[in-house]
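This report describes strand pairing and helix packing in the structure shown here.

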Amino acid sequence: MDLEYNSTDNINDLIARYFAKELDRVETEELLKWIKKSPQNRQYFFRQQDIWEAIHPAFPSHCIDSDRAERRVLSRAGIHSRRRSWISNFLRICGGVAAAAVISIVSIAIYSYLYSNGSASGNIPVEISTSYGCTSRSTLPDGSEVWLNANSTISYLPGMQSGRIVRLRGEAFFEVKSDPADPFTVVANGTSITATGTRFNVNAYTHDPAVTLVNGKVDVTTGGNEIVMAPGQHLCFDCGKPVLSQATDIDHFCSWRDGVLIFDNNSLTDICTRLSHIYNVQFDIDPRLSQSKYHITIKQDNISEIIEMLQLIAPITCATSVDVNQADGSRIDIVRISPRN
């Protein structure tokens, strides 16, 4: 571990006081510089954070109402109470798991249950979804792996019976099982990404998807353009036109799989746009701050802790309010960011 301090004890003390919210702004900036200095430092910091969170849980496990979560999932799936026993046992086993994660897992299991019992037509797509603030990892029928970021959905026909075609809304990382005779295609907002066996990330939160290729080769078809990508390349859009570039740091686009968001000289507007896609939050940024640039590494965690970190490392003040939609009663947090006086 590459330490800038006199000993490991010193950095551990700094990290512990950071989690306890006892650091001043100067100490926080020193810690952030140390974290960004090397991947080993970053891994060490997050390992210490995991230990801290295990010792200081956000809420006790007895606060999780798994029975209520089960009833809601079963009701939406149209399954009667007599078929609940195996799901009840499953939820009791997972009683210490966060309720949102349990619901994501059970939702996938219910789809498998319905199709295996012939309760749904083979033409109805299988969907895997994540809610705000949650990620998931799944194995597709062809053996390919997919990591799904927050607020995202993929869908495909049962068993991929009509070919290896996946539709995406949101963001996903794919590790495609090689099969040259049957290419794997991701369709997102009118863009098709085709591969035979490779690893790549697709960010389709907005109308124009962005593709980052880790290894292998992919063919991207969009708006009449056909683009062949090589490993380490990143494809995005500028005013509707595709722009292909060499990515200086692949982790910048793919680290979310490990629960980490990396911003390297990004504007505050870009940072907040990314956070709004992952969390159910809207940002109202003072125009004087919108183009300010920051180098930040954030562990995907509670959005209020992320906002607090932003206030520590940047000369800004954040004020949060709640907006309630009068039509459907939905709630969304609005964060107004202004310069610190």
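## Strands and packed helices

Strands 15, 18 and 17 form an open sheet of three strands in the order 15-18-17, with mixed pairing. Strands (E, at least two residues) and helices (H or I, at least four residues) are DSSP runs numbered from the N terminus, and two strands pair if DSSP finds at least two bridges between them. The edge strands, each pairing on one side only, are strand 15 (281–285) and strand 17 (316–324). On average, neighbouring strands of this sheet are turned by 25° against each other, direction ignored. Angles run from 0 to 180 degrees between N-to-C directions, with axes fitted to C-alpha atoms, for helices over the stretch in contact.

This is a predicted model, in which local features need pLDDT of at least 70, side-chain atom pairs count only at pLDDT 80 or more, and totals for chains, interfaces and linings use all residues. Residues are numbered from 1 along each chain as its sequence is written, and side-chain values use heavy atoms, leaving out hydrogens and water.

Strand 15 and strand 18 (residues 331–339) run parallel, and Val-281 has Asp-333 in strand 18 as its bridge partner. Helix 8 (residues 268–278) lies across strand 15 and strand 18, at about 165° to strand 15. Helix 9 (residues 303–313) touches strand 15, strand 17 and strand 18 and makes about 150° with the direction of strand 17; contact means heavy atoms within 4.5 Å.

The bridge counts of three strand pairs follow.

| Pair | Sense | Bridges |
|---|---|---|
| Strand 15 and strand 18 | parallel | five bridges |
| Strand 5 (residues 164–175) and strand 8 (residues 199–204) | antiparallel | six bridges |
| Strand 8 and strand 9 (residues 210–215) | antiparallel | five bridges |

Strand 8 and strand 9 form a hairpin with five residues between them.
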